[in-house]
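Q: Hi! I'd like to talk through this model with you, a bit at a time. Could you start with the ground rules?

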2 protein chains.
Amino acid sequence: VLEDGAAVTVAAAAGGYPVLVRRGLMAKLGELVADRVGEVRRWAVVSDDVVAPLHGERARASLDGAGLPASLHTFPAGEAHKTRATWAALTDDLLASGLGRDGGVVAVGGGVTGDLAGFVAATYMRGIPVVQVPTSVLAMVDSAIGGKTGVDTPAGKNLVGAFHAPRLVVVDPEAVATLPRRERAQGWCEAVKHGAILDDAYLSRLERDVAALLDGAADAVERAVRRSVELKAEVVGRDEREGGLREILNFGHTLGHALEAASGYALPHGSAVSLGMVLEARLGERLGASEPGTAERLARVLGDLGLPTIPPAGLGAGPVMAALERDKKVREGRVRVVLLERPGVVSGAGGWARPVDRALALDVLAEASREAGFQA
Amino acid sequence: VLEDGAAVTVAAAAGGYPVLVRRGLMAKLGELVADRVGEVRRWAVVSDDVVAPLHGERARASLDGAGLPASLHTFPAGEAHKTRATWAALTDDLLASGLGRDGGVVAVGGGVTGDLAGFVAATYMRGIPVVQVPTSVLAMVDSAIGGKTGVDTPAGKNLVGAFHAPRLVVVDPEAVATLPRRERAQGWCEAVKHGAILDDAYLSRLERDVAALLDGAADAVERAVRRSVELKAEVVGRDEREGGLREILNFGHTLGHALEAASGYALPHGSAVSLGMVLEARLGERLGASEPGTAERLARVLGDLGLPTIPPAGLGAGPVMAALERDKKVREGRVRVVLLERPGVVSGAGGWARPVDRALALDVLAEASREAGFQA
């Protein structure tokens, strides 16, 4: 069905899986699924109610057209619905539709849909196959790859979930054109992260392509999505369960998550990670682990993408530190941060993530907050 | 901590795990866990409110005594509480207690507790270790081994769940003495199944030991539990995810589950499987797959254990057939049943489970119901 060159393979304990990246793949979804997950007899397509009319119904029709009976199941859009209640309602929906152990789930949408529908599949009759069809930049370059699934609880994000590797990931970069410009920028943030930790040349390319990426220009989008997929696939293929190398993907996420939580999730994820990367790069410079100018370079490209690089006024260091201490990534009470050696290279000294002194983290945060105050 | 001979190893994709079987192990739980799951920093012991005062608090104290901080978390006893709501409440409890990614769960109790606490562990921050400490016969010989976890939904039993292999299973046969006699019989039903599908000599031993097993006599209990653990470990070690050999463990369960469901779960699981084994053995004889007398031999030992061998009057063939068709094990609409060649040997012809004609299954059910009618 598909010539080589479009497929990136992700190694996984339960057998590797292909990530296909090419414009126009959405129209071929049924054929691709029939070709690669042939043993599944019936499919449940899961989309939120915004993406369903844009892509979900087309996906269902494409499966049907390839001789694969498929039903469409929707839930209300937004992170607020990434909950156990929505998971239970979708599960009951699938049960009522008669989907059996020989069924599968196709997740069509952004990060919330992939995480939620992936968790439904992971726990449906103790696990049925899932195919990820990401339609947001964030999902394409990041969350659809690697098998993390889950939902939020009142105590925090992604606290309930499972690792459930997809059987297939189908990425059609044309879907990026259907996104609001602002949401595109949120997703490119993770692409910048991939460049920052693994590939300086890719970071440079992103710097040159900022305008095209924000416009959703097809060539630039496809090139960036493919490179990010390759980089993420390489990392999670080597360390599926986050015991080692996978930790580098948390660059910007320790302080990022803390900022996000301290804002009561008013700060969008991409914006929070943007701030987190700049702050963690500053931490690296202060510790002498990172080349001077590393934080500045990241701040420039993130700023060009329209992402924040200085914490919003009103987000004080105190609440951020408090959120930090509740984080899943806190081990034995120490704050763990991924540090860069320079753009494109993670500092490997002392493990991929290093325990950092709270006082220093607090100082970097406080300094950034003061700058925010001056600008406000 | 423990000399060899007490440990049976179960092979599993995520690394094998030991099942330790010996009287008095409960008192050594803390040492055993410290020795074998050393990387876990904090433990949450989960028990129902009946088992908690009998064994749960002792387990917690034993962990504490071995220098492992542990908290006790309870839920209301009974299959009616094996739900997503109880799972969510326990998860929230553990989150509120501050249990992190470096924590683990110890499930102390019967089958419901193992399934429920196992599912909490499987989905807590995408999976933390679980140690199974079964205290019912059913859990010791069956459900604590093999990694199946999950909860019921209004649409059926175990429809939501995950495979999550325990890191360690600790079986103290002395706990059997604390059970009501009736509950013991329910558990020995699965031991009879192990003999029936895999080991004629073991089945003979069980026949001789019926009185001792019902009394909870220490020697007989330990011997039977160990042999059942060995047999189950062998099967699930070869086929963790139920693609092949593991299916033989479903002997008696296709019709058993249907009877259980058709009774609105008034029929206890062991009783339902007892009936299921007799009926499926009859099916085997009718098909010429099983030696004549196979069903009769099973009916005798199950009857001696006080388990039913003829469907209760009022449970008609119609509702049972309807329940059968809703079963997870129905593939492409055919009823799949494990058939014996003779006691101790499964018929391997045509795969471990064979598609059986509905008309024949209905006829065997109807015949058994008529006998029930005559007896009533």
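A: Happy to. When I say contact, I mean heavy atoms within 4.5 Å. This is a predicted model, where local features need pLDDT of at least 70, side-chain atom pairs count only at pLDDT 80 or more, and totals for chains, interfaces and linings use all residues. Residues are numbered from 1 along each chain as its sequence is written, chains are lettered from A and ligands numbered from 1 in the order in which they are written, and side-chain values use heavy atoms, with hydrogens and water left out.

Q: Great. Which residues is B:Thr149 in contact with, leaving aside its neighbours within four places in sequence?

A: B:Thr149 is in contact with A:Arg126, B:Asp115, B:Gly118, B:Phe119, B:Ala122, B:Val160, B:Gly161, B:Ala162 and B:His164.

Q: And where does B:Thr149 lie?

A: B:Thr149 lies in strand β7 of chain B. Helices (H or I, at least four residues) and strands (E, at least two) are DSSP runs here, numbered from the N terminus.

Q: Is B:Thr149 buried or exposed?

A: Its relative accessibility is 2%, so B:Thr149 counts as buried. The cut-offs are under 20% relative accessible area for buried and over 50% for exposed, with partly exposed in between (1.4 Å probe, protein chains only).

Q: How far apart are B:Thr149 and B:Phe251 in space?

A: They are 20 Å apart, C-alpha to C-alpha, with their positions 102 residues apart in sequence.

Q: Switching to the pair of chains: what rotation superposes chain B on chain A?

A: A rotation of 180 degrees, with 0.0 Å of shift along its axis, and the RMSD is 0.0 Å. The two copies are therefore related as by a two-fold rotation axis. The superposition is by least squares on the C-alpha atoms of residues with pLDDT of at least 70 in both.

Q: What surface does each copy use?

A: The same surface serves both copies, and 100% of the contact residues of chain B recur in chain A.

Q: Now the empty space. How many cavities of 30 Å³ or more are there?

A: The count comes to 8. A cavity is a set of points on a 1 Å grid over the protein atoms alone where a 1.4 Å probe fits but cannot get out, and lining residues have an atom within 4 Å of a point. Grid points are joined across faces, edges and corners, and a volume is the space filled by probe spheres set on the points.

Q: How much space lies in the largest cavity, then?

A: About 90 Å³. It is lined by 19 residues, and the closest to its centre are B:Gly114, B:Asp115, B:Gln132, B:Ser143 and B:Ala144.

Q: Which element gives the largest share of that lining?

A: That would be α4(B), with 4 residues. The elements that give two or more residues are β5 (103–109), α4 (111–123), β6 (130–134), α5 (137–143) and β7 (148–153) of chain B.

Q: Tell me about α4(B). How many of its residues are buried?

A: 13 of its 13 residues are buried, so α4(B) is mostly covered. The helix reaches 18 Å from its first C-alpha to its last, close to the 18 Å expected at 1.5 Å a residue. That expected span is 1.5 Å times one less than the number of residues.

Q: What follows α4(B)?

A: B:Met125, whose phi is positive, near 50 degrees. In the loop between α4 and β6 of chain B you'll also find B:Arg126. Phi of B:Arg126 is near 65 degrees, a positive value in a residue other than glycine. B:Arg126 is buried, with a relative accessible area of 8%.

Q: How about B:Tyr265, where does that one lie?

A: B:Tyr265 is in the loop between α9 (253–262) and α10 (269–286) of chain B. Its phi is positive too, near 65 degrees. At 41% relative accessibility, B:Tyr265 counts as partly exposed.

Q: Any polar pairs to look at? What does the side chain of B:Asn158 join up with?

A: B:Asn158 has a polar contact of 2.7 Å with B:Lys82, side chain to side chain. A polar contact is a pair of N or O atoms within 3.5 Å; within protein, one must be able to donate a hydrogen and the other to accept it, and residues adjacent in sequence count only if both atoms are side-chain atoms. B:Asn158 lies in strand β8 (residues 156–163) of chain B and is buried at 15% relative accessibility.

Q: And A:Arg336, which side chain does it contact?

A: The side chain of A:Glu247, in a polar contact of 3.2 Å. A:Arg336 is found in strand β10 (residues 335–338) of chain A.

Notes:
On a 1 Å grid over the protein atoms alone, a cavity is a set of points where a 1.4 Å probe fits but cannot get out, and a pocket is an open set with protein on both sides within 12 Å along at least five of seven lines; lining residues have an atom within 4 Å of a point.
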